[in-house]
Structures are given as C-alpha cells and as structure tokens.
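Work through the exercises below with the sequence and the model at hand. Each task is followed by a solution in steps.

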Amino acid sequence: MNYLKLPYQMKFCSVFILLTVLIWEPVHSQDNSDDSGKPLHVLQFEILGHGGIYSLNFERITNRPAVLRMGISYLNTDGHLAIKGFTFPMSVTDLLAIDKDSFAELGAFMTLSTMDQKFDVWVGPTFGFREQNIQRGDGMVRFFFSPGYSIRHNEFFITGGLSFGKGL
C-alpha cells in the first residue's frame with residue numbers, strides 16, 4: 001500500500017459517505033402527507049455507541065420507515081487515558097417491524113472523529129433492536145451491535161450501545 005495516498009483515500013471516502021447521507025436525507029425524509037400523528041424527530045442519549053463513550057443524537061424518522069441519525073460527543077480526560085476531542089456519529093437504518101412497537105434496525109454508520117487532534121473516520125454496518133411506538137411518540141429504547149473499521153488506524157473493531165430517547 002502506498003502510504004502517501006492514505007490521507008487522500010480517507011478524504012475521498014469521508015466526502016463520498018457524507019454526500020451519500022446528505023443526498024439520501026432529502027429524498028427519504030419528505031413530510032408526512034397523512035395525519036397519522038407519526039413523530040418525525042427523536043432526541044436520544046446514547047451510551048457506548050458510534051460516538052464513543054456517549055453521544056447526544058437527533059433522529060429523523062421517514063415514511064419508509066427509515067431513521068437518519070446525526071449526533072455529537074465531546075470527551076476531555078486526564079490521566080493515563082488522556083484523550084480530547086469531538087466525534088460526530090451518523091447513520092442510516094431501516095426499521096423492520098416485528099410487532100406494533102418493536103423494530104429491528106439494519107443499516108450503516110459513519111463517525112468523524114477528531115480525538116487528540118487527529119482526524120479519523122469509522123465506518124461499518126449496524127444491527128439493532130428498537131422499542132418505540134412511533135405513532136404516539138412514546139419514549140424509545142434501542143440497543144445495537146456494530147462491527148466497524150477505522151480508516152486512520154487501518155483496523156477493525158466491535159462496538160455496541162444503548163440509547164434512550166423521546167419523540168419530539
């Protein structure tokens with residue numbers, strides 16, 4: 001592998017995935033034409049997820065139903081594991097109905113990271129389970145599992161998380 005090309009490959013991959021998400025979002029998040037009361041937005045707090053130790057995420061639930069999720073996390077620690085920086089997790093998942101309030105989630109994620117002032121991109125698939133009545137806008141509980149790949153470190157990892165949220 002030519003290491004001089006790696007930063008350009010990282011930038012190209014990041015821009016390509018970001019543009020894909022930005023183009024996908026307007027296409028699949030048109031306003032609800034029927035008055036079913038379906039909430040279109042969810043605010044959630046995620047523990048040990050795509051954003052690292054924690055993240056605050058905003059979701060848009062589309063008519064498909066699919067979920068477009070973007071978030072932010074900031075970490076500043078001292079001591080043996082001193083790290084500082086932001087992460088910006090993003091994902092696109094399809095909701096597959098199991099019953100009225102239960103859904104399997106299948107999709108992909110991308111996280112932009114600036115930990116220790118070094119840019120990195122994490123990408124991979126995501127598999128999860130979500131419990132939420134999306135017609136009423138009830139509270140939401142979600143857990144997931146994601147194998148991922150760090151482009152900067154050129155290595156694979158496994159992450160999983162737990163989210164709690166509320167329809168807006």
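**Exercise 1: Strand pairing**

Twelve bridges join S7 to S8, and these two strands run antiparallel. This is a predicted model, in which local features need pLDDT of at least 70 and side-chain atom pairs count only at pLDDT 80 or more, while totals for chains, interfaces and linings use all residues. Residues are numbered from 1 along each chain as its sequence is written, and side-chain values use heavy atoms, with hydrogens and water left out.

Task: Find which strands S1 and S6 join, and state what the eight strands form.

Solution.
Step 1. Fix the terms: strands (E, at least two residues) and helices (H or I, at least four) are DSSP runs numbered from the N terminus, and two strands pair if DSSP finds at least two bridges between them.
Step 2. Take S6: seven bridges join S6 to S7, and the two run antiparallel. One position to check is Val 123, whose bridge partner in S7 is Tyr 149. Tyr 149 also has a bridge partner in S8, namely Phe 156.
Step 3. Take S1: six bridges join it to S8 (residues 155-167), again antiparallel. Here Leu 43 stands opposite Lys 166 in S8.
Step 4. Assemble the order: the eight strands make a closed barrel, S1-S2-S3-S4-S5-S6-S7-S8, with antiparallel pairing. Neighbouring strands of this sheet are turned by 25° against each other on average, direction ignored (axes are lines fitted to C-alpha atoms, for helices over the stretch in contact, and angles run from 0 to 180 degrees between N-to-C directions).

**Exercise 2: Salt bridges**

Task: Determine how many salt bridges a search of the whole structure finds, and which residues are linked in a network.

Solution.
Step 1. Apply the criterion: a salt bridge is a side-chain nitrogen of Lys or Arg within 4 Å of a carboxyl oxygen of Asp or Glu. The search of the whole structure gives six.
Step 2. Arg 142 and Glu 46 form one of them, with the closest N and O atoms 3.1 Å apart. The pair links distant parts of the chain, since Arg 142 is in strand S7 (residues 139-150) and Glu 46 in strand S1 (residues 41-49), 96 residues apart. Both Arg 142 and Glu 46 are buried (buried means under 20% relative accessible area, exposed over 50%, partly exposed in between, with a 1.4 Å probe and protein chains only).
Step 3. Glu 59 and Arg 130 meet in a salt bridge of 2.6 Å, N to O. Glu 59 lies in strand S2 (residues 52-61) and Arg 130 in strand S6 (residues 120-131), so this pair ties together parts 71 residues apart in sequence. Glu 59 and Arg 130 are both buried.
Step 4. Arg 69 forms a salt bridge with Glu 105, the closest N and O atoms being 3.3 Å apart. Arg 69 is in strand S3 (residues 66-76) and Glu 105 in strand S5 (residues 102-113), 36 residues apart. Arg 69 counts as buried because its relative accessible area is 4%, and Glu 105 because its value is 2%.
Step 5. Combine the residues: Glu 46, Glu 59, Arg 69, Glu 105, Arg 130 and Arg 142 are linked in a network of salt bridges.

**Exercise 3: Positive phi**

Task: Locate Leu 48 and Asn 154, and classify the exposure of Leu 48 and Asn 154.

Solution.
Step 1. Leu 48 is found in strand S1 and has a positive phi of about 55° although it is not a glycine. Its relative accessibility is 52%, so Leu 48 counts as exposed.
Step 2. Asn 154 lies in the loop between S7 and S8. That hairpin has four residues between the strands, and Asn 154 takes a positive phi near 55°. At 47% relative accessibility, Asn 154 is therefore partly exposed.
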